[in-house]
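Hi,

Here is the structure I said I would pass on. Have a look at it first, and then read my notes underneath.

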Amino acid sequence: NKDEKDIKEGIIKKIESTGLIIADKNYEIRSKKIDSLERNKYGYFTESTGCIIFEENKYYNEAVDEYLEKRNGKNWNAELKKDINLILKKYPIEEFNQK
């Protein structure tokens, strides 16, 4: 399986559909902070499929989630959400100045 092979090779990624992204004033810094948090604290990175959702990604992500639970503990997702909310609070969605 691709998931098992990637995990063995230390490629720990979650594959997600991001849909349409609307950039705002803080988008770039917010994205970098969240990416850094995922990589450095929780041990994975996110790979985007754009707007397309592939069924096989669900099974791939389930295997990765199982690995991440062993690595980060049972309630790691709740802690991740809290950490992301702190980033969102510090770098909120802010429209570019319209002139």
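Below is what I found, going from the overall layout to the aromatic residues and the core.

One thing to keep in mind from the start: this is a predicted model. Every value here is computed from it.

Let's begin with the overall layout. The protein has 4 helices and 2 strands, and starting at the N terminus they come in the order α-β-α-β-α-α. If you draw a box around the C-alpha atoms along the principal axes, it comes out at roughly 55 × 30 × 20 Å. Of the 99 residues, 26% are buried. The exposed surface is about 7500 Å², with 52% of that supplied by carbon and sulfur atoms. As for charge, there are 20 positive and 20 negative ones, and their mean positions sit 6 Å apart. The contacts reach a long way along the chain: taking those between residues at least 6 apart in sequence, 89% join residues at least 24 apart.

Now for the aromatic residues. How many aromatic pairs does the structure hold? There are 2. One is made by Tyr42 and Trp76: the ring centres are 5.7 Å apart and the planes meet at 40 degrees, so this pair counts as tilted. For the cut-offs, under 30 degrees would be stacked and over 60 would be edge-to-face. Tyr42 belongs to helix 2 (residues 27-42) and Trp76 to helix 4 (residues 76-90), so the pair ties together parts that are 34 residues apart in sequence. Are these two buried or exposed? Tyr42 is buried, at a relative accessible area of 3%, and Trp76 is buried with a value of 3% too.

Trp76 also pairs with Tyr44, this time edge-to-face, with 5.9 Å from centre to centre and 75 degrees between the planes. Here, too, distant parts of the chain are linked: Tyr44 is in the loop between helix 2 and strand 2 (45-48), 32 residues away from Trp76 in helix 4. Tyr44 has a relative accessibility of 5%, so it counts as buried; the cut-off for that is under 20%. Put together, Tyr42, Tyr44 and Trp76 make up one aromatic cluster.

That cluster leads straight into the core. The largest nonpolar core has 14 residues, and the members that touch the most others are Leu37, Tyr42, Tyr44, Leu68, Trp76 and Leu80. Which helices supply at least two residues each? Helix 2, helix 3 (55-72) and helix 4 do, and helix 4 gives the largest share, with 4 residues.

Leu68 is a good place to click if you want to see how this fits together. Apart from neighbours within four places in sequence, Leu68 is in contact with Ile12, Lys14, Tyr42, Gly43, Tyr44, Gly73 and Trp76. So the three members of the aromatic cluster, Tyr42, Tyr44 and Trp76, are among the contacts of Leu68.

Last, a polar residue to look at: Asn57, which lies in helix 3. Asn57 is buried, with a relative accessible area of 12%. Beyond its neighbours within four places in sequence, Asn57 is in contact with Ile15 and Thr49.

Best wishes

Key. Residues numbered from 1 in each chain as written. Predicted model: local features only at pLDDT ≥ 70, side-chain atom pairs only at ≥ 80, totals over all residues. Heavy atoms only, no water. Phe/Tyr/Trp six-rings, centres within 6.5 Å; stacked < 30°, edge-to-face > 60°. Buried < 20%, exposed > 50% of the residue type's maximum accessible area, 1.4 Å probe, protein only. Contact = heavy atoms within 4.5 Å. Areas by Shrake-Rupley, 256 points an atom, 1.4 Å probe, with all protein chains shown as cover. Lys, Arg positive; Asp, Glu negative; His and termini not counted. Charge placed at Lys NZ, Arg CZ, Asp CG, Glu CD. Core = buried A, V, L, I, M, F, W, Y, C linked by side-chain atoms within 4.5 Å.
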